[in-house]
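User: I'm new to looking at how protein chains meet. Could you walk me through this one and tell me how each conclusion is reached?

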Number of protein chains: 2
Amino acid sequence: MTFDRFFSSAALVMRESAIRRMGALGARIPDLISFAPGYPDPVLFPWDTLRVAAADLLSGADPAALQYGATRGYRPLIEALGTLLEARGIRSTFEERIVTSGSQQGLDLVARLLIDPGDVILVELPTYTGAISAFNNVRASLVGVPQEADGIDIDALDRTFERLRAEGRRVRFLYLVPNFQNPTGLLIGLDRRRRLLEWADRQDVVIVEDDPYGDLYFPDSAGPADTRPLKADDTSGRVIYLSSSSKTLAPGLRTAWVVAPEAVVQKLDLVKQAADICTGGLDQRLVHRAVTAGVLVTEGDRLRAHYQRKRTVMERALAREIGDLVTWPAPRGGFFLWVTLPAGLDADAVLTRALQASVSFVTGTAFFVDGSGQDTLRLSFSQPADDRIDEGIARLGRAIREEIDAQLAGGRSSADSGTSVPRG
Amino acid sequence: MTFDRFFSSAALVMRESAIRRMGALGARIPDLISFAPGYPDPVLFPWDTLRVAAADLLSGADPAALQYGATRGYRPLIEALGTLLEARGIRSTFEERIVTSGSQQGLDLVARLLIDPGDVILVELPTYTGAISAFNNVRASLVGVPQEADGIDIDALDRTFERLRAEGRRVRFLYLVPNFQNPTGLLIGLDRRRRLLEWADRQDVVIVEDDPYGDLYFPDSAGPADTRPLKADDTSGRVIYLSSSSKTLAPGLRTAWVVAPEAVVQKLDLVKQAADICTGGLDQRLVHRAVTAGVLVTEGDRLRAHYQRKRTVMERALAREIGDLVTWPAPRGGFFLWVTLPAGLDADAVLTRALQASVSFVTGTAFFVDGSGQDTLRLSFSQPADDRIDEGIARLGRAIREEIDAQLAGGRSSADSGTSVPRG
């Protein structure tokens, strides 16, 4: 029998994540060099710390280590997060923190808590695909706002908001990734952060701040002061802040956290009860051991230097191979280079050629809620080894040149989609 | 600022799980003996197997062990589940299986996939609170069907269905816990299972079959043949089957699975992508190691004997302390005794006295979607040690007698709520 008639309206509009789809595609290509997923580099995972901690936790001395736990999270971890957050400028009470099964769950729970079908969510153009999916799955209406070199365009944001209000639309929140945004790598400037908070207060809008990369600045171009979360200066309690250990410890331990006003955390607790009862007890204890052992502090410099070097490797390869053809904003942290192709070149067509050459990336359109971005693509430099980055960019360069040649030969051309993310 | 105006309609109707609330309450009571949560006994967790496996998995030899993984699950685990399911009579392809972060996530994802606000879900009276919450959170309308000694009343089910159809309501699925149901401990008879499948085919209804306890039959009163899942005989592909390692290995490893038609699994994969990206990689590998090491087979008899003995301890204590006052259906497996109080006695009032005497349980109303069950309560014998069961039931007996005396003295009485779960 066919199941179609049993699916909910939400199920009928669910779309596969472009990043996940790339993963499935890539698994069938031999010798693939993938710049698609934003995976941290496993050589940086704190294997020794975790192995020693696991041996202790699995001794059986503490039966709770493998039992169901509190929905809000493992209490010592919630407490330790307080210190971690304070180092980033965020002061919070125990009751304002909750552990989630990865930040993706945090986004999903926040979406379910705040969005009714048809509500408007404001997002950056482009923005993180996982957030797009989570918001789409509760049938939100996503409206994009362009970015400038130091972040979201506040004038455009305000104009969009006023237009929506005039149309009688209800804007539920503004979703931001202020630090080394996925996919652009952009960093919102400190002055702009202050103005965003003022704007949110004036227009009475909630801000959902997603901050997985804040600790991963590149020392040659940014410092901890540059990544101060909006939440740190949220005097009116309208910012819901998400962060995670996925990029700084290991994503296989599905552990992240949300900091929000107590009333929001209480509701998050309720919706999480029915979503997965609790986050894994062993995972939470392993993260707690790593955090209290100071791994994030002692290893932080190594992580930052490591990803900075990979960025340099990829930027040099890009400059060498296709520096005459493509542009990208220089990221000051994070995992991504956001590349704009020559005008008229379509990233989908380039991807087809790239996959034939055993190299992959994510096409930019996946990150745009307005259908634009055809001439953009996201490259992750975080996971591949240095020599693989060099080889992969060489392959990509050949794919791009082939596509240009094919267009010249065939006279094909597609209109420049005019994304407003700065090039260069 | 107050956040209320920002919450979604769904958030406004979310309710705390009575079981979770009992957990929070109990944490503040000294020397509490809790019969509230359906926790497995940690002495049965395979600590040694898991410790050895963790040491190997965290050696760093396989970087994927702590990396993001496929949304559908760790491939070797999905493969191993095939064998496990086949031992229960369920034949399935790889594409018909998906790993979830506990069965609670499975219920939540199924709910989001199949339910539009206002859709009717048919459930047993009483039924599992976690399912009630998951279905409520997508704004389903829950309609209960009474149970008889060997399971849901099919005549009542059909009458209810026909009535709803006549009213123009859309019934999305029937939710069942056929084996040692939470909370009643009831087992649906084999003939009734066959008739349920026939009924579902005739009325074209989907069945969601939740089976966490199927392996935990009591050898003195049931065998593996008695727990054959409906899914094993689902020739038309309308059963969505959920099971879990939470009760047989350890719930701290948030690993469960759904078996369903491929079209459903594809949609589950989509909605899970945005719900938590993937289930924990370490957890899945630990479960895979335990399963392929044969822990479920070699330890199965020990688990069954262990819980059977605890059931006996609790039944004897109940008979000794309050056998003249309460009744319960004899469970043939699982974790629960479902107790009916003397007519007119209210379980909430008993709970108040019980907590003063440092013993807790879950009041029956939490499991009824029709507001009934005031004179019922659920006792879990699975976790407390034998002597604690004896002591706890003695305390409960005193609380019940005190409440009876108080009612006689004060002339208070509440009407018998007339639950249709059999007593005895």
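Analyst: Happy to! Keep in mind that this is a predicted model. Let's start with the salt bridges: the count between chain A and chain B is 4.

User: What makes B:Arg5 and A:Asp204 a salt bridge?

Analyst: The rule asks for a side-chain nitrogen of Lys or Arg within 4 Å of a carboxyl oxygen of Asp or Glu. In this pair, the closest N and O atoms are 2.7 Å apart, so the pair counts as a salt bridge.

User: How many residue pairs are in polar contact across the interface?

Analyst: There are 36 such pairs between chain A and chain B, with both residues at pLDDT 80 or more. On the side of chain A that touches chain B, several helices supply at least two residues each, including α1 (9–13), α3 (47–57) and α5 (102–114). The largest share, 9 residues, comes from α9(A). By class, that side has 45 nonpolar, 23 polar and 17 charged residues.

User: How do you know what area is buried between chain A and chain B?

Analyst: Interface size is often given as the accessible area lost when the parts come together. Here that area is about 7000 Å², and carbon and sulfur atoms give 59% of it. In chain A, A:Trp47, A:Leu66 and A:Tyr68 lose the most area to chain B, together 11% of what that side buries.

User: Why are the two copies said to be related as by a two-fold rotation axis?

Analyst: A turn of 180° with a shift of 0.0 Å along the axis lays chain A on chain B with an RMSD of 0.0 Å. The copies are therefore related as by a two-fold rotation axis. The same surface serves both, as 100% of the contact residues of chain A recur in chain B.

Methods
Residues are numbered from 1 along each chain as its sequence is written. Chains are lettered from A and ligands numbered from 1 in the order in which they are written. This is a predicted model: local features need pLDDT of at least 70, side-chain atom pairs count only at pLDDT 80 or more; totals for chains, interfaces and linings use all residues. Side-chain values use heavy atoms; hydrogens and water are left out. Buried area is the accessible area (1.4 Å probe) that two parts lose on being put together, summed over both. A polar contact is a pair of N or O atoms within 3.5 Å; within protein, one must be able to donate a hydrogen and the other to accept it, and residues adjacent in sequence count only if both atoms are side-chain atoms. Helices (H or I, at least four residues) and strands (E, at least two) are DSSP runs, numbered from the N terminus. Ala, Val, Leu, Ile, Met, Phe, Trp, Tyr, Cys and Pro count as nonpolar, Asp, Glu, Lys and Arg as charged, and the others, Gly among them, as polar. Copies are superposed by least squares on the C-alpha atoms of residues with pLDDT of at least 70 in both. Contact means heavy atoms within 4.5 Å.
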